[in-house]
Amino acid sequence: MAEKTILKVHMFGGFAIQYGEKAVSFERNQAAKFVQLFQILMLYGERGISKSEMIHFLYGRDEVENGNSSLNNTIFRLRRQLRTAGLPETSYLTVQGGICRWKETIPVWTDVHEFERLLTLAEKAEGEERLSF
């Protein structure tokens, strides 16, 4: 079985995306709402984020008439940008039970989650050292 290509997302020290060996760039600036949506999805990872929290994070301070509609438009723009950037054809994210998540069809590695994993391992090792005394 062939290994799936991984989407690597770097959020520490600057925002950068890589799909396989190819750098991914969006057509617009990094402050665009669809980029913010992507970053939030990557930050929340597998646990996901509620649609209402997502709307609050993206539009909380803005005058938005219909947050749900605005979020749906932002999701559409994100999907279009990801396809344009060369990622495979898929819906990229899912909303189930009011929770937004990145779809598992494209595996993701983020430096944020790698840092959390390593921190947990270090804390566990430190705890085991303390128990051995």
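Two residues are in contact when heavy atoms of theirs lie within 4.5 Å, and by that rule residues 24 or more positions apart account for 54% of the contacts in this protein with a separation of 6 or more. Keep in mind throughout the tour that the model is predicted.

**The whole chain**

Begin with the whole protein on display and colour it by secondary structure, where four helices and seven strands can be picked out. If you follow the sequence from its start, these elements come in the pattern β-β-β-α-β-α-α-β-β-β-α. Of the 133 residues in the protein, 31% are buried.

Next, colour by confidence: the average pLDDT of the protein is 86, and 88% of the residues score at least 70. Select strand β1 (residues 7-10), where confidence is highest, at a mean of 95, and then helix α4 (residues 111-131), where it is lowest, at 82. Where pLDDT is low, the predicted coordinates should not be read in detail.

**Helix α2 and its two sides**

Now select helix α2, which runs over residues 51-59, and show the side chains of M54, I55, L58 and Y59, which are buried. These residues lie on the same side of α2, because they cover an arc of only 100° around the axis. Turn the helix to its other side and you will come to S52 and H56, which are exposed. What covers the buried residues of α2? Add α1 (33-44), β4 (49-50), α3 (67-84) and β6 (99-102) to the selection, since the cover includes these elements.

**Where α2 meets α3**

Keep α2 in view together with α3, and look at how the two helices cross: they pack at an angle of about 80°, with their axes 10 Å apart. An angle from 65 to 115 degrees counts as roughly perpendicular, and α2 is therefore roughly perpendicular to α3. To see the contact itself, select K51, M54, I55, L58 and Y59 in α2, which meet G67, N68, S70, L71, N72 and T74 in α3. Coloured by class, the residues of this contact divide into five nonpolar, five polar and one charged.

**Where α1 meets α3**

Leave α3 selected, but replace α2 with α1. How are α1 and α3 placed relative to each other? Their axes are 8 Å apart and they pack at an angle of about 85°, so that these helices, too, are roughly perpendicular to each other. On the α1 side, select K33, F34, L37, F38 and L41, and on the α3 side L71, T74, I75, R77, L78, Q81 and L82, which they meet. By class, the contact of α1 with α3 has eight nonpolar, two polar and two charged residues.

**Two single residues**

Stay on helix α3 and pick out Q81. Is Q81 buried or exposed? Its relative accessible area is 4%, and Q81 is therefore buried, buried meaning under 20%. Show F26, E27 and F34 as well, for Q81 touches these residues when those up to four places away in sequence are not counted.

For the last stop, move to strand β7 (residues 108-110) and select T110. This residue is also buried, with a relative accessible area of 4%. Which residues is T110 in contact with, leaving aside its neighbours within four places in sequence? Add V9 and M42 to the view, and you have the contacts of T110 beyond those neighbours.

Key: Residues are numbered from 1 along each chain as its sequence is written. Side-chain values use heavy atoms; hydrogens and water are left out. pLDDT is the predictor's confidence in each residue, from 0 to 100. Buried means under 20% relative accessible area, exposed over 50%, partly exposed in between (1.4 Å probe, protein chains only). The arc is that of the directions from the helix axis to the C-beta atoms. Axes are lines fitted to C-alpha atoms, for helices over the stretch in contact, and angles run from 0 to 180 degrees between N-to-C directions. Angles under 35 degrees count as roughly parallel, over 145 as roughly antiparallel, 65 to 115 as roughly perpendicular and the rest as oblique. Ala, Val, Leu, Ile, Met, Phe, Trp, Tyr, Cys and Pro count as nonpolar, Asp, Glu, Lys and Arg as charged, and the others, Gly among them, as polar.
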